[in-house]
Amino acid sequence: MTAHADRRWAELARELEFTTLPELRRQAEGWRTGLTGLTALLAVLVLLKGRDDLTALPDWARNTATGLVLSSFVLLLIGTLLAVRAAHGTREEEILLGGQALRRWTEREVYRVRRALVLATRCCVLGVVLVVGAVVLAWVTTGSGPSHLVKLRTGTGVVCGELVGADRREVTVRTEADGVVVARQATVVSMRPARSCAAMP
Amino acid sequence: MTHSRPHDHSLAYAEDDLGEVDPVPFTQRAAPDGTGVLVSGTCPRCHGRTRTLFPWAIPGTGGKGLLDLVRGRRPTGASATEPDPLSEEVHFCECGHAHPQGPPDTRYRGCGASWRMSR
Ligand SMILES: [Zn+2]
Ligand SMILES: [Zn+2]
């Protein structure tokens with residue numbers, strides 16, 4: 001470290017004595033902005049939660065998608081906090097302000113900010129990947145089967161499929177294997193909701 | 001001895017790096033109002049009485065890493081140990097006299113000399 005650099009650090013340290021309060025205010029503003037962004041993120045999650053799209057999914061897919069969305073939210077939350085921290089700092093305990101102390105503190109801070117930025121980037125990328133994964137999963141599994149599945153037992157056998165209609169005379173079920181099946185009410189032994197028609201006996 | 005010589009007011013301002021000097025004429029103690037640590041002694045160049053306050057302050061941005069915060073750990077470094085500006089800092093003459101040919105806006109009002117303390 002040259003004598004000239006030492007002098008620059010010392011002069012900078014002396015200037016900082018007079019900028020501590022404005023600096024704290026600036027940090028507070030930065031955190032406020034960052035937390036406003038987090039609130040927006042929360043609002044998006046609440047919106048997603050409000051939609052009932054996921055109820056049409058099979059259990060395993062719904063649980064997986066929910067897990068993905070929650071993990072991604074946590075990751076985005078951490079990423080945002082890390083980014084705000086990197087940009088604006090956190091509340092710091094005091095140091096004995098001299099040129100050399102400031103130089104050492106700055107070296108540590110540069111390292112911490114870099115690490116926070118790398119972590120923030122990773123969290124945000126991974127978070128987005130997880131959300132995309134959840135959406136893709138929901139897309140793929142929702143398309144695979146109709147809702148309102150019923151298992152219809154008649155005098156002649158059992159059919160499973162989507163309930164199309166029922167009136168006083170007949171029950172109509174659309175099945176994958178046999179197409180539309182119409183059963184007269186008189187032949188119906190039982191009709192129960194079914195989660196899936198995959199495990200037909 | 002150097003510290004018994006009179007303050008040389010006519011000495012021209014110069015940003016001299018004096019290297020390591022004898023720490024004997026220097027003392028450091030907490031400032032009476034608790035705002036920092038006061039290092040005082042005799043300037044090895046102009047022989048004036050010099051006093052420098054190293055204040056407690058919050059530097060720039062930053063602080064504990066988020067991970068440190070989660071772990072509840074204090075950051076390591078200067079703040080973890082008792083600060084020792086006498087031996088850790090570079091010192092600048094603050095005899096308070098505006099030596100001739102000095103810059104009008106220097107942060108250290110003195111003869112311009114700087115030095116470190118040998119242990
Ligand atoms: Zn002097
Ligand atoms: Zn001097």
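The following questions and answers go through a predicted model, with attention to its zinc sites, salt bridges and surface.

Colleague: What pattern does chain B follow along the sequence?
Modeller: Chain B has two helices and six strands. Of its 119 residues, 44% count as buried. Read from the start of the sequence, the elements of chain B come in the pattern β-β-β-β-α-α-β-β.

Colleague: Among contacts in chain B between residues at least 6 apart in sequence, what percentage join residues at least 24 apart?
Modeller: The contacts in question are those in chain B between residues at least 6 apart in sequence. Of these, the part that joins residues at least 24 apart is 58%.

Colleague: Which geometry does the site of the zinc ion (ligand 1) have?
Modeller: The donors to the zinc ion (ligand 1) are B:His7 (NE2), B:Cys46 (SG), B:Cys95 (SG) and B:His99 (NE2), at 2.1 to 2.3 Å. Four donors count as tetrahedral if all angles lie between 85 and 135 degrees. The angles at the zinc ion (ligand 1) are 103 to 117°, and its site is tetrahedral.

Colleague: How are the donor residues of the zinc ion (ligand 1) spaced in sequence, and how many residues apart are B:Cys46 and B:His99?
Modeller: The spacing of the donor residues is H-x38-C-x48-C-x3-H. Within that set, B:Cys46 is in the loop between β3 (36-42) and β4 (49-57) of chain B, while B:His99 is in the loop between β5 (91-92) and β6 (114-117). B:Cys46 is buried at 0% relative accessibility, and B:His99 is buried at 4%. The pair links distant parts of the chain, and the separation is 53 residues.

Colleague: Which residues coordinate the zinc ion (ligand 2)?
Modeller: The site of the zinc ion (ligand 2) is tetrahedral, with angles of 105 to 116° among its four donor atoms. Its donor residues are spaced C-x2-C-x46-C-x17-C in sequence. The donor atoms lie at 2.3 to 2.4 Å and belong to B:Cys43, B:Cys46, B:Cys93 and B:Cys111.

Colleague: Which residue bridges the zinc ion (ligand 2) and the zinc ion (ligand 1)?
Modeller: The zinc ion (ligand 1) takes an SG donor from B:Cys46, and so does the zinc ion (ligand 2). The two ions lie 3.8 Å apart, and the bridging residue is B:Cys46.

Colleague: Why does the pair B:Cys46 and B:Cys111 tie together separate parts of chain B, and how many residues apart are they?
Modeller: Both B:Cys46 and B:Cys111 are buried. B:Cys46 lies in the loop between β3 and β4 and B:Cys111 in the loop between β5 and β6, so the pair ties together parts whose separation in sequence is 65 residues.

Colleague: Is B:His47, with its positive phi, buried or exposed?
Modeller: Most residues other than glycine have a negative phi. Phi of B:His47 is near 65°, and this residue sits in the loop between β3 and β4 of chain B. Its relative accessibility is 9%, under the 20% cut-off, so B:His47 counts as buried.

Colleague: Is B:Gln101 buried or exposed?
Modeller: B:Gln101 lies in the loop between β5 and β6 of chain B. Its phi is also positive, near 65°. Its relative accessibility is 70%, and B:Gln101 counts as exposed.

Colleague: Which residue of chain B forms a salt bridge with A:Arg7?
Modeller: A:Arg7 lies in helix α1 (residues 3-16) of chain A, and its partner lies in the segment before β1 (17-21) of chain B, so the pair joins two chains. A:Arg7 is buried at 7% relative accessibility, whereas the partner is partly exposed at 46%. The closest N and O atoms are 3.4 Å apart, and the partner is B:Glu15.

Colleague: Which residues are linked with A:Glu109 in a network of salt bridges?
Modeller: A:Glu109 and A:Arg112 meet in a salt bridge of 2.8 Å, N to O. They are three residues apart in helix α4 of chain A, which means a separation of about one helical turn. The residues linked with A:Glu109 in the network are A:Arg85 and A:Arg112.

Colleague: What is the area of the nonpolar surface patch that includes A:Val128?
Modeller: A:Val128 is in helix α4 (residues 99-142) of chain A and is partly exposed at 47% relative accessibility. The patch is made by A:Val128, A:Val131, A:Val132, A:Val135, A:Val136, A:Trp139 and A:Val140, and its area is about 670 Å².

Methods:
Residues are numbered from 1 along each chain as its sequence is written. Chains are lettered from A and ligands numbered from 1 in the order in which they are written. This is a predicted model: local features need pLDDT of at least 70, side-chain atom pairs count only at pLDDT 80 or more; totals for chains, interfaces and linings use all residues. Side-chain values use heavy atoms; hydrogens and water are left out. Patches are made of residues with over 30% relative accessible area and no salt bridge: like charges are joined within 9 Å, nonpolar side chains (Val, Leu, Ile, Met, Phe, Trp, Tyr) within 5 Å. Accessible areas come from the Shrake-Rupley method with a 1.4 Å probe; for residues, only the protein chains shown count as cover. A salt bridge is a side-chain nitrogen of Lys or Arg within 4 Å of a carboxyl oxygen of Asp or Glu. Helices (H or I, at least four residues) and strands (E, at least two) are DSSP runs, numbered from the N terminus. Buried means under 20% relative accessible area, exposed over 50%, partly exposed in between (1.4 Å probe, protein chains only). Contact means heavy atoms within 4.5 Å. Donors are N, O and S atoms within 2.8 Å of the metal (3.2 Å for Na, K and Ca); water is not among the atoms, so sites may look incomplete. Four donors count as tetrahedral if all angles lie between 85 and 135 degrees; four count as square planar and six as octahedral if opposite donors are over 155 degrees apart and all others between 65 and 115; anything else is irregular.
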